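Me: Please take a close look at one part of this model and tell me, in a connected account, how it sits among its surroundings.

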Amino acid sequence: MAKRPIHRAKVAFSIARVKSVRQKWEKHSCITFTTTDDLQELNQDDYFIRKLLISKKKRKSDYNVRVEKVEYIEQFG
């Protein structure tokens, strides 16, 4: 597998509590490192989802996360 370039990106995502009857999605954003801008791949990546939740001081077992947008800022490597 070829190595992918690492990008610093601004990621827009939504989180909602797992146990609520009517999920209220809250929109957030953070700047983090990523290797792809494919939303489907990022939504399935547990490590990336955990990084987003840590930035908002939330637990993975309590929240659902949905990545909505990725904007590259600059490229490294």
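Reply: The buried residues of helix H2 are covered by parts that include strand E1 (6-17), strand E2 (26-34), helix H1 (39-44) and strand E3 (63-76), where covering means contact, with heavy atoms within 4.5 Å, and helices (H or I, at least four residues) and strands (E, at least two) are DSSP runs numbered from the N terminus. This is a predicted model, in which local features need pLDDT of at least 70 and side-chain atom pairs count only at pLDDT 80 or more, while totals for chains, interfaces and linings use all residues. Residues are numbered from 1 along each chain as its sequence is written, and side-chain values use heavy atoms, with hydrogens and water left out.

Helix H2 spans residues 46-55, and its buried residues (under 20% relative accessible area, 1.4 Å probe, protein chains only) are Phe48, Ile49, Leu52 and Leu53. Seen down the axis of H2, these residues fall within an arc of 135° (taken from the axis to the C-beta atoms), so they line one face of the helix. On the other side of H2, Tyr47 and Ile54 are exposed, that is, over 50%.

At the N-terminal end of H2, Asp45 acts as a cap, a side-chain oxygen lying 3.4 Å from the backbone nitrogen of Tyr47. Asp46, in helix H2, forms a salt bridge with Lys60, the closest N and O atoms being 3.8 Å apart (the cut-off is 4 Å between a Lys or Arg side-chain nitrogen and an Asp or Glu carboxyl oxygen). That pair links distant parts of the chain, since Lys60 lies in the loop between H2 and E3, 14 residues apart from Asp46. Asp46 is partly exposed, with a relative accessible area of 45%, and Lys60 also counts as partly exposed, at 39%. After H2 comes Lys57, whose phi is positive, near 55°.

Terms used: A polar contact is a pair of N or O atoms within 3.5 Å; within protein, one must be able to donate a hydrogen and the other to accept it, and residues adjacent in sequence count only if both atoms are side-chain atoms.
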